Amino acid sequence: DHDHDHDHDHDPPPPRKRGRPPGSKNKNGPPAGGRRCQESECEKLDVGGGKCVAHGGGKRCSEDGCSAGARGGGKCITHGGGRRCREEGCSNGAASGGDKCITHGGGLPCTEEGCDRKRKIRGLCAVHAGVNKKSLCSVAACFAKDVGGGKCKSHGGRATCTKEGCDRKVAARGVCRVHDESAPRCEEDGCDELARARGRCRNHGGYVNRDCGRDGCAKHALSGSEHCRAHGGGKRCQREGCGKGDAGGGFCVSHGGGKRCQVPNCPKGAAGGTGQFCVAHGGGKRCKHEDCDKPGHIKGLCATHGGGKLCGHEGCEKWDAGYGFCRSHGGGKRCSVEGCDTPVKLRGLCIRHGGGHTCSVEGCDRSAKARNLCIEHGGVKLCKVPNCPKMDRGRGFCSKHGSLLGLGGLTCTAPECTRRAVSKGLCCQHGGMKRCAVKKCQKMERVQGYCNDHAPTRQALAGVGGGGAASASAVAAGGD
């Protein structure tokens, strides 16, 4: 028995399992106080070669001249390593917690209640993690930084020069370029203007513009092109048949290019260069007038508060589309087809002459109403009544069936009249709409007191107040 016990004393000890030590991410890696980066004052872990990733440790990108760390496939994120965004045509790296990049909705939201910014540190966004100490835009639902005046850049905020009496935009060091003493100046003797290019100012050859190659065009050609944007210069939308400019991602805004509105299921583009929302959801500049939330235009004001020129027709509050009037009263561009006075829709043509979008169904050349489809192919909502081909005018019914069910619009207040009221409780027949000013003409007023057939010409409309009144009188006299 003693010999047996003695033999047990010389047995090798059982192997010890190596578990994950406290603070170590690797199951069989070094302890919490293990190998560290050899760079002075660096406390990061050694990932290979005696250094951390930031100081060149671990595997590096296989691309020539690149020293960034490899993420996947032997390359860094910039050169295609790691997971990529699954959005078609996007080559950005996928954000953590998803299969898309930040631009296309990838990444995890901040864990702070009510915050939808993307995570940066420890599950928090830059604002709630204490990294971004700047105040935010005062506009509701906007999380952009306050750049000046309590608002972000998209909502009209702007950091101005700190020089007394100067309201120019800040370029660097709190001052504009004009008051920045370190900004480069023109090399020409005796000239103190800012240098634009090649060490010279605009007046001494530092800024050279090439004119557009189209005959008669005085605009400047875009960089890398022989023409201005209006004549096809610069990058164009990749969608077949579209000649609009590339807003970003290879497509124009209409076909999905550029930044999109961040509201779920909203297909519109974001308003403003750094905006996150479309105009309908609060994006873009807003009117500076107190308690007004309408989009701002000229001088930061909406049309109601003096931010734009209104139609010259008495009592009309629409925008001046050109020639002093709105489109309804004869303003704006007209169809280029000879004899057609209909407003332009696209490419200098009205819808009737091919200026609008056509139905996307193959072989159909009808005008598209919604979702790139015509009425016949589902471009509009139809009346709920079976076999009724008319459009939904409200509550799911056309005007006729809505009236029968008591859901339609108001009926004319004239005795024994069942027609639909269009204005002042009356139908067109009983005075709900004015008649053409030409004698014996019973058509409805459309332009400047006249029907479309007797409407004054655009030249006459442009001369209202002088020869315009005389021209209008001549039209009325011609109907006698």
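**Reading the terms in this structure**

Student: Why is valine 147 called partly exposed?
Tutor: Valine 147 has a relative accessible area of 36%. Under 20% counts as buried and over 50% as exposed, with partly exposed in between (1.4 Å probe, protein chains only). The value falls between the two limits, so valine 147 is partly exposed.

Student: What kind of model is this, and how are its residues numbered?
Tutor: This is a predicted model, in which local features need pLDDT of at least 70 and side-chain atom pairs count only at pLDDT 80 or more, while totals for chains, interfaces and linings use all residues. Numbering starts from 1 along each chain as its sequence is written, and side-chain values use heavy atoms, with hydrogens and water left out.

Student: Which residues does valine 147 touch?
Tutor: Not counting residues up to four places away in sequence, valine 147 touches Cys152, Lys153, Gly157, Arg158 and Ala159. A contact here has heavy atoms within 4.5 Å. The C-alpha atoms of valine 147 and threonine 160 are 9.3 Å from each other, with their positions 13 residues apart along the chain counted as the separation.

Student: Where is valine 147 placed?
Tutor: Valine 147 sits in the loop between α1 and α2. Helices (DSSP H or I, at least four residues) and strands (E, at least two) are numbered from the N terminus. In the sequence, α1 covers 2-9 and α2 covers 399-404.

Student: What makes the pattern of the protein chain α-α-α-α?
Tutor: The protein chain has four helices and zero strands. Read along the sequence, the elements therefore give α-α-α-α under the DSSP rule.

Student: What makes aspartate 180 count as buried?
Tutor: The relative accessibility of aspartate 180 is 7%. That is under the limit for buried, so aspartate 180 takes that label. Aspartate 180 also belongs to the loop between α1 and α2. Beyond residues up to four places away in sequence, aspartate 180 touches Ala172, Arg173, Val175 and Arg185.

Student: How much of the protein chain is buried?
Tutor: Buried residues make up 28% of the 480 residues. As for contacts between residues at least 6 apart in sequence, 7% join residues at least 24 apart.

Student: Is lysine 434 buried or exposed, and how do you know?
Tutor: Lysine 434 has 61% relative accessibility, which is over the limit for exposed, so lysine 434 counts as exposed. Lysine 434 is found in the loop between α2 and α3, the latter covering 458-462.

Student: Which residues is lysine 434 in contact with?
Tutor: Leaving aside neighbours within four places in sequence, lysine 434 is in contact with Met444 and Glu445. Cysteine 451 is 17 residues away from lysine 434 along the chain, and their C-alpha atoms are separated by 9.7 Å.

Student: How many disulfides does the structure hold, and how do you know that cysteine 201 is in none?
Tutor: The structure holds zero disulfides. For cysteine 201, the nearest cysteine sulfur is that of cysteine 186, 3.7 Å away. A disulfide needs two cysteine sulfur atoms within 2.5 Å, so cysteine 201 is in no disulfide.

Student: Which cysteine sulfur is nearest to cysteine 364?
Tutor: The sulfur of cysteine 374 is the nearest, at 3.8 Å. This distance also fails the disulfide limit, so cysteine 364 is in no disulfide.

Student: Why are cysteine 201 and cysteine 364 called buried?
Tutor: Cysteine 201 is buried because its relative accessible area is 2%. Cysteine 364 is buried because its relative accessible area is 12%.

Student: What makes phi of glutamate 41 worth stating?
Tutor: Phi of glutamate 41 is near 65°, a positive value in a residue other than glycine. Glutamate 41 is in the loop between α1 and α2. At 83% relative accessibility, glutamate 41 is over the exposed limit and so counts as exposed.

Student: What is phi of aspartate 291, and why is aspartate 291 called exposed?
Tutor: For aspartate 291, phi is near 65°, again positive in a residue other than glycine. Aspartate 291 lies in the loop between α1 and α2. The relative accessible area of aspartate 291 is 81%, which is over the exposed limit, so the label is exposed.
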